[in-house]
Amino acid sequence: MNIPDLPDLPCYLNGDFTNLREAKVSVMDRGFIFGDGVYEVVPVYAGKPFRFAEHMARLDRSLGELRIVNPMSHDEWRGLVDRLVSAYAGKLGKTLAETDQLVYLQVTRGVAMRDHVMPAGITPTVFATSNKISPYSAAVRAEGVACVSADDFRWKKAHIKSVSLAGAVLSRQMSADVGAVETVMFRDGFLSEASSSNVWVVKNGTVMGAPKDNLVLEGIRYGLIEELCRTEGIPFELRRISRDEVFAAGELLLSSATKEVLPVTRLDGKPVGTGKPGPIYGKLYAGYQRAKLNS
Ligand code: PDD
């Protein structure tokens with residue numbers, strides 16, 4: 001069998017601390033068979049998980065939507081994450097304070113014979129791993145990135161951070177195929193989000209995002225960007241945003257665990273605003289870096 005070599009990264013699976021090369025789950029895991037599970041991606045700065053309580057709250061919401069009982073308390077999750085983060089820092093021969101990391105957490109419904117009906121009494125599968133964070137370079141941030149737009153053909157439960165990601169994979173590939181960083185999606189002519197990021201539109205100095213409903217994943221940065229806007233005195237509003245407003249934006253931004261806030265300067269090959277990262281981006285990015293230091 002031709003299985004590509006996986007990196008020798010620490011991971012956790014169902015009670016055991018092991019590594020990515022050794023960890024195995026059953027072929028009948030409902031995550032594998034149905035995509036029946038949820039996940040979180042938690043950035044870790046100087047060894048400390050960033051906005052961990054918010055990630056735990058979202059994990060609970062996602063699990064609740066799928067009617068899976070969280071198999072661990074928040075303290076147990078924190079213990080698990082701390083141990084993984086230490087293991088990865090140790091592997092790199094660095095102290096905790098010297099490492100930024102990206103932790104991935106996943107819970108699936110568990111292992112059972114195939115049946116769409118949710119089986120009662122099975123034990124959820126818990127998997128977690130940590131890897132390096134790959135920050136965007138200063139050169140990329142200075143230029144901004146290109147995105148493409150597309151129809152949002154995903155399901156109507158985008159608020160669940162589900163591992164059923166075929167829709168996200170298909171939409172992300174549309175941008176990857178043309179060398180762009182994200183696919184900005186519209187449902188019925190209104191902005192929803194990008195394939196793995198939230199999208200922010202700056203119009204007349206106001207930062208606007210799509211409403212927090214079932215059509216978008218409420219990124220942990222939803223709350224953070226609102227906070228940063230408040231601190232900086234930038235008006236902030238969540239409302240339905242038309243396609244025309246997006247294409248006429250003064251600035252367009254992406255946010256996610258890995259992108260932090262990232263300026264979009266080309267959409268479908270056309271310049272956004274001046275075609276350069278704008279002043280609101282500059283303020284939010286600086287505020288974001290302060291929030292990381294103070295976390
Ligand atoms: N993606 N919307 C979607 C569809 C996402 O997949 C993500 C995150 C976000 C931003 O959420 P947050 O600010 O909590 O990272 C919005 C993660 C990073 C991923 O799937 O790898």
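How much area is buried between domain 1 and domain 2, and what share of that area do carbon and sulfur atoms give? I opened the notebook with this question, bearing in mind that the model is predicted.

**Entry 1: the two domains**

I looked up the division of the protein and found domain 1 at 10-132 and domain 2 at 138-293. Their C-alpha centres lie 26 Å apart. I then listed the residues in contact, which are 22 from domain 1 and 21 from domain 2.

**Entry 2: the buried area**

The size of an interface is often given as the accessible area lost when the parts come together. For domain 1 and domain 2 I noted a buried area of about 1800 Å². Carbon and sulfur atoms give 62% of this area. On the side of domain 1, the residues that lose the most area to domain 2 are Y39, R51 and R58. Together these three account for 34% of what that side buries.

**Entry 3: charged and polar pairs across the interface**

Side chains of opposite charge can pair when their charged atoms come close. I searched the interface of domain 1 and domain 2 for such pairs and recorded two salt bridges. I also looked up the salt bridge between the side chains of R51 and E227, with an N to O distance of 2.8 Å. Between the two domains I counted eight residue pairs in polar contact.

I next asked which elements of domain 1 give two or more residues to the side that touches domain 2. They are β3 (37-45), α2 (52-65) and β5 (101-108). Of these, β3 gives the most, with seven residues. By class, the residues of this side of domain 1 are 10 nonpolar, five polar and seven charged.

**Entry 4: around the ligand**

I turned to the ligand and found 18 residues surrounding it. The closest are Y39, R58, E193, R221 and A257. Y39 and R58 had already appeared in my entry on buried area, among the residues of domain 1 that lose the most to domain 2.

I then noted three distances:

- In the side chain of Y39, an N or O atom is 2.7 Å from an oxygen atom of the ligand.
- A polar backbone atom of A257 is 2.8 Å from an oxygen atom of the ligand.
- A nitrogen atom of the ligand lies 3.3 Å from a backbone N or O atom of S196.

**Entry 5: salt bridges in the whole structure**

How many salt bridges does the structure hold? I recorded 18. One that I examined joins R78 and D82, whose closest N and O atoms are 3.1 Å apart. Both residues lie in helix α3 (residues 74-92). They are four residues apart, about one turn of the helix.

Definitions and conventions. Residues are numbered from 1 along each chain as its sequence is written. This is a predicted model: local features need pLDDT of at least 70, side-chain atom pairs count only at pLDDT 80 or more; totals for chains, interfaces and linings use all residues. Side-chain values use heavy atoms; hydrogens and water are left out. Domain bounds come from an automatic or database domain assignment. Contact means heavy atoms within 4.5 Å. Buried area is the accessible area (1.4 Å probe) that two parts lose on being put together, summed over both. A salt bridge is a side-chain nitrogen of Lys or Arg within 4 Å of a carboxyl oxygen of Asp or Glu. A polar contact is a pair of N or O atoms within 3.5 Å; within protein, one must be able to donate a hydrogen and the other to accept it, and residues adjacent in sequence count only if both atoms are side-chain atoms. Ala, Val, Leu, Ile, Met, Phe, Trp, Tyr, Cys and Pro count as nonpolar, Asp, Glu, Lys and Arg as charged, and the others, Gly among them, as polar. A residue is near a molecule or strand if one of its heavy atoms lies within 4 Å of it.
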